[in-house]
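Here are my notes on the model you sent. They cover the disulfides, one threonine and the confidence scores.

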Amino acid sequence: MGFAGVCFLLLMGSLRLTDSEMISVTAREGMTINIKQAPGGLQTSDCKICITEEECYDDYQVNPGNDFEFDFSCSDPEQNFVAEVQINIESEEANLTDAVNLPELPQLNRTYIWDITVPYKVGVHMSFEHNHLEQIDSVECEDSLTYTIKGHLRSEATSAVLVGNFCRNGTISNVKVQGRTVVMLKVPWTEPIDGAGFQLFFVLPIGKFSVINVNLQPGFPASFMSADWPDGFPNDELMSWQFSIPSNYHANVTYETLTFPQCIKRKADVYTSQPVIGKMEGKHRADFVLVLQNCDMDQTSPQVLTFRFRVDLLQHRESYEIKVSEGDSMIFKQISETAGVAFPLLCICTSPELASNCGTELRLEGGDHMNVSFNSRCDPTRDVIVEATRNISCKDVEECSVNNVDLALPTVLSTLPVARQTFKWVLTQPSELTIELASEHLKLQQLLQDDKCEGNLMYNVSTFSQDGARSVVGQFCPNGAMERIQTADHVLLELRTSHGWDSKDQDVKLSFIPRLTEDYIMNIIPEVDSPVRLLSPNWGPGMPNRLTASWNISVPPDHVAELTFMEQLIPTCERGHVTIVIIEQISDGVHLSYRESDTIPELVPELHHRFWLNVSNCETSNGQLSLMFQVLVREDSMDIITIAAAVAGGVVLLIVIAVIICCVRQRKRQQQLTALGTYYPGVSSRKPGQRRKFVKGRQDNESHIYAVIDEDRIYADYLNKSGMSAVPEVDVYRSFDGPMGEMPPSLPPPRGTVSKDTRPEGMSMVSNDLYTFSVRKQDVEKSILDKGEQDSSS
């Protein structure tokens, strides 16, 4: 149905009569339109259907072929009126969408009625192939879009009998009714639809009051009820359900309600192929038909025939070969609420498949080898859980070869049809080693206690020591920012799965590495513009006393990190101090330190380099240490300024180079010209004949007067002897570019530990990487003068 016009007319219809245009509705041939007050709406005096300001109605019916121009006297007609569109169908060629395709209809809660008027000998087939239905035992669906189907009895052609109420998204594909049929579709005014949702066919007599076709699909159980539920199935009538089962599955039928009437003739019964008195519950491995037959009832008796049943679609019972490795253990448990009262279900079975070999729990230890299956009346995805444990330990440091070992569920567990699995790894190591859990491919995302993973797979990480002390590192999902977790204590790692989990989401590797000084170290690699929330160990109850934890957080080049403390609980210390240190891993980087008495800032805005966040607890006397903080890495906004400055600097540099080139060319041009000097009268410019001594003194002769003075050559000899081609820059500073360590920084020893007489061993500044040698201009000039004096004295 096209609702653009409906939305427009709703807006028009929501305005008052005096302020809007009139609404015009036309009923086509065979169609009747009723606009009437909704049950529970306003009183008739509060909101009406008006043709003019003086002529108003509580209800109005537009007959076939007529039109109607009106408006509402209230601004919210959808709260007070409903619209019914009824169309009579006499042939299967009729257009079902004519009823819903009325763009001029105001947007109200609507009921579309298809009255299919055919002789009783004609079967009416309604196909919901693209809109499978689910039967309900109430009058309205949760989304308020409800189909209601009614038939008529052969002996009472005018009396309608309910076939059922149905919702969308179910397993019912077809409904057949004998004779005249009415289909009603209730739609809320907020819901757009584009058609009737079914196709109509006329077929040969079906021989029953109704037939319902069901295509079973894996998932939740489907419930079905007899016609005219719960008032009682019609007298001396039949109806049937035809079930289609997909391959590799079987159906379990469970009767929930079955009451029988007092019969005068024949018997009321439920059967499949042959009538059998009593319940026909059980397993069906192929397509099957369930038939409900009523008798000629005693009309004076209050007893009636009612039938309600449930169908579960389950996979065929398969046997799973389980081999438990040494050091491992496995427990299959049946959830207690799946057991019945009179006949409890025993879901977990072993070969041979006998009743005595089934139970509610199965324990397997290292070395056990057996075939496990599940009762066909149970759904292991819902009724069974599995818990397994594996121990991995390293006792000898020199022979410990645990390095990048995959911690994933054993293959047999990933093939079991059990959705809820818990696999535990108990990891122990000597005191000389640290446990490292790495997730380099997917990385881990830390969760709050009430959070859930989208991929239905979650890790719980906790630690325990030899003295029994335990601490929770946290709960984690795949696809996060935490690449590594390193712990000094032993580790209990739990992997929990739920329905729909994928084995591809497993990505944790175990290594035993040399001992670290910290109790916990977490490596974090945040994605740009994706905030990462992190929690201190044992968040909630608080970090244990004297515990230390460090986060090694990466910041890409040309980016900046913002560190925000979202929650902070600081205890009162009895001994020692709470210490929180933020330090960039470069020389002269940011270095912030706080204690329990300090005010920790809520935001540390700009951290341009990889940095450490170190937290250590004291021995508390009151309160707890719990921190929740967030790291957000974003592109550094200062880069734009830096780029602009670089561009400006480049322009300036080009100008300087251009000026230098011009000066050099000018100088070369001058050198190519005849040398000029100061002219003094009386000075001979003739070419000297032969060398002779000056007869005048220094002050009397003009021998010190030069025609041309080339100053660039005055000190050239001295500079060349010094091995220098040019005077270098003066006071040049070069920052430290050496490598930084991956270990968290340690605090320096107290001053009192160094003796006054003890001088620390130093490194020659010339050989030190932090020293940059520079030649001062005045030193060069001084060396030139000294050299000149030595030459003159010699």
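**Notes on the disulfides, Thr-146 and confidence**

1. The count of disulfides comes to 9. This is a predicted model, and a pair of cysteine sulfur atoms is counted when the two lie within 2.5 Å. Three of the pairs are taken up below.

2. Cys-47 and Cys-74 are one such pair, with sulfur atoms 1.8 Å apart. The torsion about their S-S bond is about -45°, so this disulfide is left-handed. Cys-47 sits in the loop between β2 (31-37) and β3 (49-50), while Cys-74 sits in the loop between β6 (67-72) and β7 (81-89); the pair therefore ties together parts that are 27 residues apart in sequence. Cys-47 is buried, at a relative accessible area of 0%, and Cys-74 is buried as well, at 6%.

3. Cys-263 and Cys-295 also form a disulfide, and here the sulfur atoms are 2.0 Å apart. With a torsion of about -80° around the S-S bond, this disulfide is left-handed. Cys-263 belongs to strand β20 (residues 263-265) and Cys-295 to the loop between β23 (288-293) and β24 (296-297), so the bond ties together parts that are 32 residues apart in sequence.

4. Are Cys-263 and Cys-295 buried or exposed? Cys-263 counts as partly exposed, with 32% relative accessibility, because the partly exposed class begins where buried ends, at 20% relative accessible area. Cys-295 is buried, with a relative accessible area of 0%.

5. Cys-394 is joined to Cys-400 by a disulfide, S to S 2.2 Å. Cys-394 counts as buried, at 7% relative accessibility.

6. Thr-146 is located in strand β11 (residues 146-152). This threonine is buried, its relative accessible area being 1%. A polar atom of the Thr-146 side chain lies 2.9 Å from the backbone nitrogen of Cys-141. Outside its neighbours within four places in sequence, Thr-146 is in contact with Val-139, Glu-140, Cys-141, Phe-166, Met-184, Leu-185 and Lys-186.

7. On confidence, the chain has an average pLDDT of 79, and 74% of the residues score at least 70. Over residues 1-19 pLDDT stays under 50, and the model has 53 contacts beyond four places in sequence for this stretch. Residues 673-716 likewise stay under 50, with 14 contacts beyond four places in sequence. Where pLDDT is low, the predicted coordinates should not be read in detail.

Conventions: Residues numbered from 1 in each chain as written. Predicted model: local features only at pLDDT ≥ 70, side-chain atom pairs only at ≥ 80, totals over all residues. Heavy atoms only, no water. Helix = DSSP H or I, 4+ residues; strand = E, 2+ residues; numbered from the N terminus. Buried < 20%, exposed > 50% of the residue type's maximum accessible area, 1.4 Å probe, protein only. Polar contact = N/O pair within 3.5 Å; in protein donor to acceptor, adjacent residues only side chain to side chain. Contact = heavy atoms within 4.5 Å. pLDDT = per-residue confidence, 0-100.
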